[in-house]
Amino acid sequence: MLIKVRKPSEVRSSEITDEKLFWDRRRFLRGAALAAAAASATPLLLGSAAARADASAPTGGKLEPLAKSPYSTSEKLNAYKDITTYNNFYEFGTDKGDPASHAGSLKARPWTIKVSGECEKPGVYDLDDLIKPNALEERIYRLRCVEAWSMVIPWVGFPLKEVVKRFGPTSKAKYIAFETLLDAAQMPGQRPSLFGSVLEWPYREGLRLDEATHPLTILSVGLYGKVLPNQNGAPIRLVVPWKYGFKSIKSIVAMRFIEQPPPTSWNMQAPQEYGFYSNVNPNVDHPRWSQKRERRLGEFLKRPTLMFNGYGDEVAKLYSGMDLTKNY
Ligand SMILES: Nc1nc2c(c(=O)[nH]1)N[C@H]1C(S)=C(S)[C@@H](COP(=O)(O)O)O[C@H]1N2
Ligand SMILES: [Mo]
């Protein structure tokens, strides 16, 4: 059951919940139990204080023409700098600044996506062949991270359903499983470390087919009118605006059509904390913190979190009849 009764001593008053600190501590405790020599590794815990390489983002080429979307919010955009230097992309480290510092080693071209499973046109597709037939749109969406912060991001992309159509899912295809690149040479966060990793690689995510083909679900190849910076998931990533940010898997290399819900990274790591659906829901707290409010990056006061991240008119019907406290 998701909602645990918390002792007052367990309730954190910190304003932005930082998953990294929690999991680093757990990894540390696990490591310490295994090795008495762990004391010598204490500096790992202080990693965020260590000097960091210059966080200059790769400059993206301009993407045009861009159609405007009726699904865009008119809220104030977060700055390009915030969007590209405050990231979750554990393949490049667990600090928010790590992806901007380290994602330069990711080679975004040439790039292929392997399509498999219950579909008529499985195969290995060159990314540019998949992108080319689609009109690029600007989609200004809220992104609500499970850690209770949010941003407003002008993505560039196209509906996922356009490529799904092309692959011809069979009647058995009920879910799509997605995978991120697995390559420790390009992704330093995937290299073995003393305490192991927070997540098992490759990063995995999944959607029910009707979620995947919902018009709000896009594949993004850019932001702010420019090619997607590596730290945001170059060359192509999912954006599912009514779900917590971790569903929006980055740097996708594989899509598989399947009958059953696929294993997903955060659910594998902590199933009682992260369900398969992970719809933004202020009424269902995370076992370690409230989901009622969120901090928009750059703002001082927290704001209430909206059901389905404010996209309920569009998506609530996908879940009619489901108990969302059980299907969290
Ligand atoms: N492969 C991969 N995809 C990922 C993640 C990750 O660590 N690895 N982090 C997720 C999380 S928790 C969030 S909040 C969003 C952040 O996207 P952004 O950095 O572009 O804002 O990416 C998601 N996609
Ligand atoms: Mo997140």
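This passage describes a five-stranded sheet, a helix lying across it and a buried loop residue in a predicted model.

In this predicted model, local features need pLDDT of at least 70 and side-chain atom pairs count only at pLDDT 80 or more, whereas totals for chains, interfaces and linings use all residues. Residues are numbered from 1 along each chain as its sequence is written, and side-chain values use heavy atoms, with hydrogens and water left out.

The open sheet has the strand order β3-β2-β11-β6-β7 and mixed pairing; strands (E, at least two residues) and helices (H or I, at least four) are DSSP runs numbered from the N terminus, and two strands pair if DSSP finds at least two bridges between them. Its edge strands, β3 (123–126) and β7, each pair on one side only. Neighbouring strands are turned by 20° against each other on average, direction ignored, with axes fitted as lines to C-alpha atoms, for helices over the stretch in contact, and angles running from 0 to 180 degrees between N-to-C directions.

Strand β6 (residues 175–180) has five of its six residues buried, that is, under 20% relative accessible area (exposed is over 50%, partly exposed in between; 1.4 Å probe, protein chains only). Five bridges join β6 to the antiparallel strand β7 (residues 204–208), with Ile176 opposite Leu207. Six bridges link β6 to β11 (residues 252–258), also antiparallel, and Phe178 faces Met255 there.

Helix α5 (residues 160–167) lies across β2, β3, β6, β7 and β11, at about 60° to β11, contact meaning heavy atoms within 4.5 Å.

Asp95, in the loop between α2 (80–85) and α3 (98–102), counts as buried because its relative accessibility is 9%.

Technical notes:
Chains lettered and ligands numbered in written order.
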